[in-house]
Every structure is written in C-alpha cells, then in structure tokens.
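Good morning, and thank you for making time for this presentation. Please take a moment to look at the sequence and the structure before I begin.

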Amino acid sequence: MTFALAPLNLTVANISQDLSKPLQVDADIGINETGKFSAGGSVIPAPLNADLKLQLSAFALNVLQPYLAQKTALSLREGSLNLEGGIKAQKAAVSKGAAPLALKFTGDAGIDGLHTQDNQQQDLLNWNRLQVRGIDFSLGPDRLDIAQVIANKLFARVVVAPDRTLNVSRVLAG
C-alpha cells in the first residue's frame, strides 16, 4: 500500500533533553490528494503520556482493497472515512497481565459514500453516510461504548441460497 503524504507540516515545540517534559506537537498532512489528517496536543516522551486531538477527513477507503481481496470476495469500490476526537495514550505501570499501553479514544467517526460489490459485480452493502457518534473506546481496561449509530440511505443485498447459506457469509469467507 502506498500513500502520497503531501503537504506534510509538522511542528514540535518545547524540545528538551529532559524526556519527561511535554512537547507541543501539531501536524497537518494531506493523504493521497483527497484526505487530510491533523493532530495537535502534548506528548511526554518518557514515560509516554500523550493527549492529542485528531481529525481525519475524506480518507479514501479503496486503498484497502488489496487487503480485503486477500481474505474476502468483497470489492470496495468507494467510501471515505472521517474521524474526529481525542486520544490519550499512557505507558501503563508494569504488572502481570496488564496492557503495556493504556489507550483511550473519545469522539465520532463516519464513512461516507460506501459502495461494495461481490465478485459477481452485484452491489452488496452501500450507504450514503454512516455516522458513529459518542465513541468511548479504551484499552487497558478494554471498553467500548457508542452513543448513537445513524445510517443514511442504507442498502444491503442479502440472499438466502437453496442450501440456506447467506451470500454475505460466502463473500466474507472469500
């Protein structure tokens, strides 16, 4: 998978040899001419402690098609990912069974203009917009809460074959 990252603007302030002091980080990155990623906030390098605001807009999902083709019979024709929220990452205290990194994301995500087909070139799952609002996700402890999911102009072609299998199962099995 190849990404064209341009323009790429990165600012790091408060740089010090003392890795326990917070850095101020701001990044604005264009992705494949249509997408844009931006992040900003503070990062303490050691021990890791980051508090960042993130935004990803118009990230074209069709670049993932080669990976989907390896495991499924699904063709991802169109769709773009949007994400906005905050992420906190902290190196966890060392203890048996504990995750090495505590991670928390709160925010919203969505996929616009999704168009998928099966290997017979028939539409499978499409929508104009799918929004996931109020995401509260964490690792260490593991948790996921979602306040709301909104689907606009959803289409799904689900067919039950004579052997009682679903076309969706066959497509996802590859």
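Which residue stands opposite Asp136 in strand 8? The residue is Asp145. Before I go further, I should state that we are looking at a predicted model.

Let me place that position in its surroundings. Strand 7 covers residues 123-139 and strand 8 covers residues 143-152, and the two pair in the antiparallel sense over nine bridges. Three residues lie between these strands in the hairpin, where Gly140 takes a positive phi near 75°.

I turn now to the charged side chains. Side chains of opposite charge can pair when their charged atoms come close. The count of salt bridges here is five, and Asp136 takes part in more than one entry on my list. One is with Lys104, at 2.5 Å from N to O. Lys104 belongs to strand 6 (residues 101-117) and Asp136 to strand 7, so this salt bridge ties together parts that are 32 residues apart in sequence.

How accessible are the two partners? Lys104 has a relative accessible area of 32%, so it is partly exposed. Asp136 is at 19% relative accessibility and therefore counts as buried, the cut-off being under 20%.

Asp136 also forms a salt bridge with Arg143, and the closest N and O atoms of that pair are 3.2 Å apart. Arg143 counts as partly exposed, at 42% relative accessibility. Taken together, Lys104, Asp136, Arg143 and Asp145 are linked in a network of salt bridges. The residue from my opening question, Asp145, is thus a member of this network.

A further salt bridge joins the side chains of Arg129 and Asp112, at 2.8 Å from N to O. This pair again links distant parts of the chain, with Arg129 in strand 7 and Asp112 in strand 6, 17 residues apart. Arg129 is partly exposed, its relative accessible area being 39%.

Let us move to the nonpolar side chains. In soluble globular proteins, nonpolar side chains tend to be buried together. Which residues make up the largest nonpolar core? There are ten in all: Ile29, Ile31, Leu56, Phe59, Leu61, Val63, Leu76, Leu114, Trp127 and Leu130. Two or more residues of this core come from each of strand 2 (23-31), strand 4 and strand 7. A second, separate core has eight residues, including Leu23, Ala39, Ala50 and Leu54.

Within the largest core, I would draw your attention to Trp127. Leaving aside residues up to four places away in sequence, Trp127 touches Ile111, Gly113, Leu114, Asn152, Lys153 and Leu154.

Another member of that core, Phe59, brings me to my last topic. How many aromatic pairs does the structure hold? It holds one. The ring centres of Phe3 and Phe59 are 5.9 Å apart and the planes stand at 35°, so the pair is tilted. Phe3 is in the segment before strand 1 (5-13), whereas Phe59 is in strand 4 (residues 49-60), and the two are 56 residues apart.

Are these two residues buried or exposed, or in between? Phe3 is partly exposed, with a relative accessible area of 35%. Phe59, at 13% relative accessibility, counts as buried.

That concludes my presentation, and I thank you for your attention.

Conventions: Residues are numbered from 1 along each chain as its sequence is written. This is a predicted model: local features need pLDDT of at least 70, side-chain atom pairs count only at pLDDT 80 or more; totals for chains, interfaces and linings use all residues. Side-chain values use heavy atoms; hydrogens and water are left out. Rings of Phe, Tyr and Trp (its six-membered ring) pair if their centres lie within 6.5 Å; planes under 30 degrees apart count as stacked, over 60 as edge-to-face and the rest as tilted. Helices (H or I, at least four residues) and strands (E, at least two) are DSSP runs, numbered from the N terminus. Buried means under 20% relative accessible area, exposed over 50%, partly exposed in between (1.4 Å probe, protein chains only). Two strands pair if DSSP finds at least two bridges between them. A nonpolar core is a set of buried Ala, Val, Leu, Ile, Met, Phe, Trp, Tyr and Cys residues joined through side-chain atoms within 4.5 Å. Contact means heavy atoms within 4.5 Å. A salt bridge is a side-chain nitrogen of Lys or Arg within 4 Å of a carboxyl oxygen of Asp or Glu.
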